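Me: Please take a close look at one helix of this model and explain how its residues are placed. I should also like to see how the surrounding nonpolar residues are arranged.

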Amino acid sequence: MTFPELSSSPELLTFAELGLNSALIKALPASLKHPTKVQQLTIPAILAGRDLLALAQTGSGKTLAFGLPLLQQILLQQQTLCTKSVQPPNALALVLVPTRELALQVTEALQTVASQLSTSLNIQLLCGGVALEDQLVELTAKPQVLVATPGRLLDLCKQAHVSLDSTKHLVLDEADRLLEMGFWPDVQKLMAFMPKLKQTSLFSATLPEALDALAGKLLANEPLRVEAHKVNSVAGEIEEQLYLVNKGSKAQALIALLKQYQWPQVLVFISARDDADAVAKRLAKAGMKVAALHGEKEQTVRSQTLADFKANRIQVLVATDLMARGIHVDALPVVINLDLPMSAPVYVHRIGRTARAGEKGLAISLVCHGEMATLTAIRSLTARELPLALLADFPVTDKPSEKITDGATEIQVERKRPPRDKQANRRSINKHSAKEFKGKR
């Protein structure tokens, strides 16, 4: 990136000092007293019309960082159109997000503020899993702001149900995910439907090389790069604990930890959809209030499951990385990685579901020997040691095929282990009893 950047936060400011008008400030939730660091750095830049790449940790308030100045700009443009007696155009702003759950959350956050304004401002959610006919009816209200997932919006544009020719503001939330091959082709096609002259903002908690390279091409209007926190960093309020266990013992170790510590809520991440259902069934048999959440479930089921979890009607939610991006659960105390994600940045997003908005949180990862390369990548990305420990009740009998380093201790074992030798891996790693486990009760 060659454009200017800001990496230090100004002194604690008020929302008024950031340039927000009194109407928006009055519409803010009562709990929101002061802007967060990312909000202090980005709101003035967006209000000034500059293109922006904003990097900030998960749970740092990115939605309102782009949402508040976006709403203020739309209100001003509406007033200008009314003064000129011009008919309302098509949507003036578009927020693109990678998942339906995040689309709903962003929409609700913006509507919470917009509903308190005296001037009517219509925000429309467009995502898959919702009946197309219902969305077409809602579009007749001529929304000023669209919050959408790329696939559904592209379908609507191709069928001429939605026009993006009036788009003046584009926000890519979780921009690094939207630049991956699963989304980027659709995003490119959508941008072809928009005017070339528009304000573009990219928001992300992690900065892969692809995003860094592409940002320079997408951002042209006095672009600014903002770093509210160190790139790819983990919030200091998150306590990370990693344990080496046999691959086949992970589910039993999970059940033992859940039973012992009885956390009020736990979000368990797992990579495979089928495994999510299987683990949820095992936890249910163990007497826990549990549900699984993944992309193969009907949207109504997904929405209800997430709502039940947020309302504390579910103790344990076993989810794929559908839940890793942007989803906020108030005061979620614990996140457990039943397996490590193949992509190192996803680890940062996963554990960022806890310790949000300054709260404390615990992130536990159960790691097997086959995940050592992934762990190395995570350590490299986050610049954290992340040492491995052992749970005494779950001796490690699986063997690595080569020398591994756990960040603090080097372990060298032969390719084939002798029969009945169950002590090899416990001679050079600190042993942790489950009773010594420092968790949040």
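Reply: In helix α9 (residues 209-218), the buried residues include L211, L214, A215 and L218. Buried means under 20% relative accessible area, exposed over 50%, and partly exposed in between, with a 1.4 Å probe and protein chains only. Helices (H or I, at least four residues) and strands (E, at least two) are DSSP runs, numbered from the N terminus. This is a predicted model, in which local features need pLDDT of at least 70 and side-chain atom pairs count only at pLDDT 80 or more, while totals for chains, interfaces and linings use all residues. Residues are numbered from 1 along each chain as its sequence is written, and side-chain values use heavy atoms, with hydrogens and water left out.

The buried residues of α9 fall within an arc of 120° when viewed down its axis, so they line one face of the helix; the arc is that of the directions from the helix axis to the C-beta atoms. On the other side of α9, E209, A213 and K217 are exposed.

The buried residues of α9 pack against β2 (52-55), β6 (169-173), α7 (175-178), α8 (184-192) and β7 (199-204), where contact means heavy atoms within 4.5 Å.

As for the wider setting, the largest nonpolar core has 61 residues, of which L68, L267 and M323 touch the most other members. A nonpolar core is a set of buried Ala, Val, Leu, Ile, Met, Phe, Trp, Tyr and Cys residues joined through side-chain atoms within 4.5 Å. Helix α3 (residues 62-83) contributes the most to this core, with eight residues. Apart from this core lies another, of 33 residues, among them L139, L172, A175 and M194.
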